[in-house]
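Here are my notes on the model you sent over, in the order I'd go through them at the screen. Have the viewer open while you read.

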Amino acid sequence: MKSERKEELTKAYRHLLIANNVKAWMISVAVLFLTALGLFLSYKGAVQERVVLWLLGQLLLSVTILQWFFLVHDYGHGNYFSKRILNDLWGHLASFFCILPFYPWRYIHRGHHYWTGWKDKDPTMTVIIPRDL
């Protein structure tokens, strides 16, 4: 990529790289609320034997678990909130819903970014690399 084009793109999208605490709080709390609603609907549907409620709760939970993983990724990069402590706290909460430990995942993910393209060194590619057994 030519340096002029890179500078142009950097200027055009710089505002997207700045942490926005208001948006971060709104999205994080919204996903937490939707998770609680999914749990509530699943529980009520199971207790009252209403399949439609239970299915709606399960569908909502499946979507929010995926959202929690997206948020784990953003919290792991440490730039979702402007304060690192908020990224870490919300990252631990999000990782609970993903059944994924936050700090080890962040460590592996940073190694992945560092070694992307090097299949023999990228920690996320060790499973796929063919080796002599």
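1. **A buried glycine.** Glycine 45 comes out at 4% relative accessibility, so it counts as buried, the cut-off being under 20%. Bear in mind throughout that this is a predicted model. Glycine 45 sits in helix H2, which runs over residues 21-47. Setting aside residues up to four places away in sequence, glycine 45 touches Arg50, Leu53 and Trp54. For a sense of distance, take aspartate 74: glycine 45 is 29 residues from aspartate 74 in sequence, and their C-alpha atoms are 33 Å apart.

2. **Overall fold.** What does the secondary structure come to? Five helices and zero strands. Read from the N terminus, the order of elements is α-α-α-α-α. The radius of gyration is 19 Å, while the globule rule gives 14 Å for 133 residues, so the protein is more spread out than a compact globule. The C-alpha trace spans about 60 × 50 × 25 Å along its principal axes.

3. **Burial and surface.** How much of the protein is buried? Of the 133 residues, 26% are. The accessible surface is about 10000 Å², and carbon and sulfur atoms account for 68% of that. On contacts, I looked at pairs at least 6 apart in sequence: 50% of these join residues at least 24 apart.

4. **The nonpolar core.** As background, nonpolar side chains tend to be buried together in soluble globular proteins. Here the largest nonpolar core has 15 residues, and the members touching the most other members are Trp68, Leu71, Val72, Tyr75, Tyr80 and Phe81. Helices H2 (21-47), H3 (51-77), H4 (84-98) and H5 (102-115) each supply at least two residues of this core. Which helix gives the most? H4 does, with five residues.

5. **Leucine 71 up close.** Leucine 71 is one of the core members that touch the most others, so I'd click on that residue next. Leaving out neighbours within four places in sequence, leucine 71 is in contact with Ile27, Val31 and Tyr80. Ile27 and Val31 fall in the range of H2 (21-47), and leucine 71 in that of H3 (51-77).

6. **A buried charged pair.** Two charged side chains deserve a look together. Arginine 106, in helix H5, is at 8% relative accessibility and therefore counts as buried. Aspartate 88, in helix H4, is at 10% and is buried as well. Beyond its neighbours within four places in sequence, arginine 106 is in contact with Gly76, Arg84 and Asp88. Seen from the other side, and again not counting residues up to four places away, aspartate 88 touches Phe102, Tyr103 and Arg106.

7. **Charge balance.** For the whole protein, the count is 15 positive and 9 negative side chains. The centres of the two sets lie 6 Å apart.

8. **An exposed tyrosine.** Is tyrosine 114 buried or exposed? With 63% relative accessibility, tyrosine 114 counts as exposed, because the cut-off is over 50%. This residue lies in helix H5, the helix that also holds the buried arginine 106. Tyrosine 114 and alanine 12 are 102 residues apart in sequence, and 25 Å apart in space, C-alpha to C-alpha.

How values were computed: Residues numbered from 1 in each chain as written. Predicted model: local features only at pLDDT ≥ 70, side-chain atom pairs only at ≥ 80, totals over all residues. Heavy atoms only, no water. Core = buried A, V, L, I, M, F, W, Y, C linked by side-chain atoms within 4.5 Å. Buried < 20%, exposed > 50% of the residue type's maximum accessible area, 1.4 Å probe, protein only. Helix = DSSP H or I, 4+ residues; strand = E, 2+ residues; numbered from the N terminus. Contact = heavy atoms within 4.5 Å. Rg over C-alpha atoms; globule rule 2.2 N^0.38 Å. Areas by Shrake-Rupley, 256 points an atom, 1.4 Å probe, with all protein chains shown as cover. Lys, Arg positive; Asp, Glu negative; His and termini not counted. Charge placed at Lys NZ, Arg CZ, Asp CG, Glu CD.
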